[in-house]
Amino acid sequence: MNNAQKDITSWADKSGSFKRQVSSFRDIIEPNGQFPPEKGRYHLYVSLACPWAHRALIVRQLKGLEDFFDVSTVHPHMLEKGWHFAKSSENPAPQSEHSDDTFPAATVDNLFGVSHLRELYFKVEPDYQARFTVPVIWDKKTNKIVNNESSEIIRFLNTAFNDQLSGEQQSLDLYPKELQKEIDGLNEWVYNDINNGVYKSGFATTQEAYEAAVKPLAEGLEKVEKILSDGRDFLIGGRLTEADVRLYTTIIRYDPVYYVHFKCNLGLIRHDYPHLHKWLQRLYWKNPAFKDTTNFEHIKEHYYYSHKHINPNRIVPYGPNVDIEPLEE
């Protein structure tokens with residue numbers, strides 16, 4: 001077994017604090033580069049449960065790139081060998097003693113038919129020793145991983161294919177030059193305190209590490225609530241930007257998962273953060289790219305089933321399939 005995949009509890013340092021790894025593959029798709037923007041050349045690997053992969057799916061749909069990138073979706077159970085794919089004729093045997101390897105919307109590996117995501121990492125780097133994460137952009141021409149860092153993937157998806165798009169999808173800019181400084185500033189503390197803050201809280205292995213993470217998380221949520229208190233639809237500049245995408249994928253998972261599973265019981269978004277809740281509802285109900293890519297079944301199944309050190313009996317809460325309240329304005 002790869003050392004990096006032993007157990008989620010091994011992802012904490014000696015103080016008990018969760019440490020997120022730095023992504024290993026950092027090339028980009030760009031004109032005249034090693035990986036040019038060619039329609040159909042690239043494949044996107046995702047989990048519908050993962051907030052980082054969710055970013056890429058949202059931007060793919062916002063920019064109208066569904067025909068540019070085909071997709072393989074892992075099973076929501078992340079077990080001993082990491083993410084695995086649904087059972088296929090090429091891989092008929094169960095991938096784990098804990099999983100039946102079938103789940104709605106999970107697919108086979110549509111490129112190679114492998115059973116686990118890790119096999120793709122090893123194809124590129126046989127001695128790979130880090131975690132096997134999603135999203136992954138795979139280049140079908142060179143059989144290489146282009147990038148597995150979500151923040152960079154959504155940046156190049158935002159612009160790289162514009163010459164092949166038209167209308168609103170071409171003109172949509174999620175990182176406009178005049179707002180970049182403000183977006184970068186907000187992204188920095190939202191990532192540290194909220195996006196990664198829920199993980200630092202949930203994966204902490206000491207009380208001190210937990211409190212060191214959950215208190216900045218509480219402050220971050222209050223800060224966002226204040227920003228949105230004027231009733232705005234978007235975080236920055238009166239328009240949809242990557243800042244909204246990056247925050248959305250955490251907040252949509254907050255009430256169904258993080259509040260209980262990660263001990264982030266500072267308050268429910270739907271009850272205790274009214275402006276943040278309204279912002280979330282508007283994105284979900286008014287924009288298909290957010291609603292269509294949100295799969296609550298995968299989200300709940302993954303977290304509650306996969307994290308055995310937090311939920312030893314792997315009991316998945318019974319609840320609504322669409323875990324967000326209707327928008328009333």
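This report walks through a cavity, a central strand pairing, the cysteines and some backbone oddities in a predicted model.

## The cavity

Start with the empty space. Rolling a probe the size of a water molecule over the atoms shows where empty space is left. Here the structure turns up one cavity of 30 Å³ or more, and the largest cavity holds about 70 Å³ of space.

Who lines it? The walls of the largest cavity come from Ile251, Ile252, Asp255, Pro256, Ile269, Arg270, His277, Leu280, Asp323, Ile324 and Glu325. Three helices each put at least two residues into that lining: H8 (242-261), H9 (269-272) and H10 (274-286). H8 gives the most, with four residues. Sorted by class, the lining has six nonpolar residues, one polar and four charged.

## Strand E1 and its partners

Next up is strand E1, residues 42-46, where five of five residues are buried. In a regular strand the side chains alternate between the two faces of the sheet. In E1 both faces are covered: Tyr42, Leu44 and Val46 are buried on one side, and His43 and Tyr45 are buried on the other.

E1 has a parallel partner in strand E2 (residues 69-73), with five bridges joining the two. Within that pairing, Leu44 sits opposite Val71 of E2. To get from E1 to E2 the chain passes through helix H1 (residues 51-62), and this β-α-β crossover is right-handed.

E1 also pairs with strand E3 (residues 136-139), this time antiparallel and through four bridges. Here Tyr45 of E1 faces Val136 of E3. So which residues of E1 have a named partner opposite them? Leu44 has Val71, and Tyr45 has Val136.

## Cysteines without a bridge

How many disulfides does the model have? The count is zero. Take Cys50: its closest cysteine sulfur is the one in Cys264, and at 16 Å that is too far for a bond. Going the other way, the closest cysteine sulfur to Cys264 is in Cys50, again 16 Å off and too far for a bond. A disulfide needs the two sulfur atoms within 2.5 Å, so a gap of 16 Å rules this pair out.

Are these two cysteines buried or exposed? Cys50 has a relative accessible area of 8%, so it counts as buried. Cys264 is buried as well, with a value of 0%.

## Backbone oddities

Most residues other than glycine have a negative phi, and most peptide bonds are trans. A few spots in this model go against that habit, so they are worth a look on screen.

One is the peptide bond between Val134 and Pro135, which is cis, with omega at about 5 degrees. Pro135 belongs to the loop between helix H2 (117-124) and E3.

Two others are about phi. Ala105 has a positive phi, near 75 degrees, without being a glycine; this residue lies in the loop between E2 and H2. Lys263 is also a non-glycine residue with a positive phi, in this case near 60 degrees, and its place is the loop between H8 and H9.

How accessible are these two residues? Ala105 is partly exposed, with a relative accessible area of 44%. Lys263 is partly exposed too, at 43%.

Key: Residues numbered from 1 in each chain as written. Predicted model: local features only at pLDDT ≥ 70, side-chain atom pairs only at ≥ 80, totals over all residues. Heavy atoms only, no water. 1 Å grid on protein atoms, 1.4 Å probe; cavity = no way out; pocket = protein on both sides within 12 Å on 5 of 7 lines; lining within 4 Å. Points joined across faces, edges and corners; volume = space filled by probe spheres on them. Nonpolar A, V, L, I, M, F, W, Y, C, P; charged D, E, K, R; others polar. Buried < 20%, exposed > 50% of the residue type's maximum accessible area, 1.4 Å probe, protein only. Pairing = 2+ DSSP bridges. Right-handed = clockwise from strand over helix to strand, strands pointing away.
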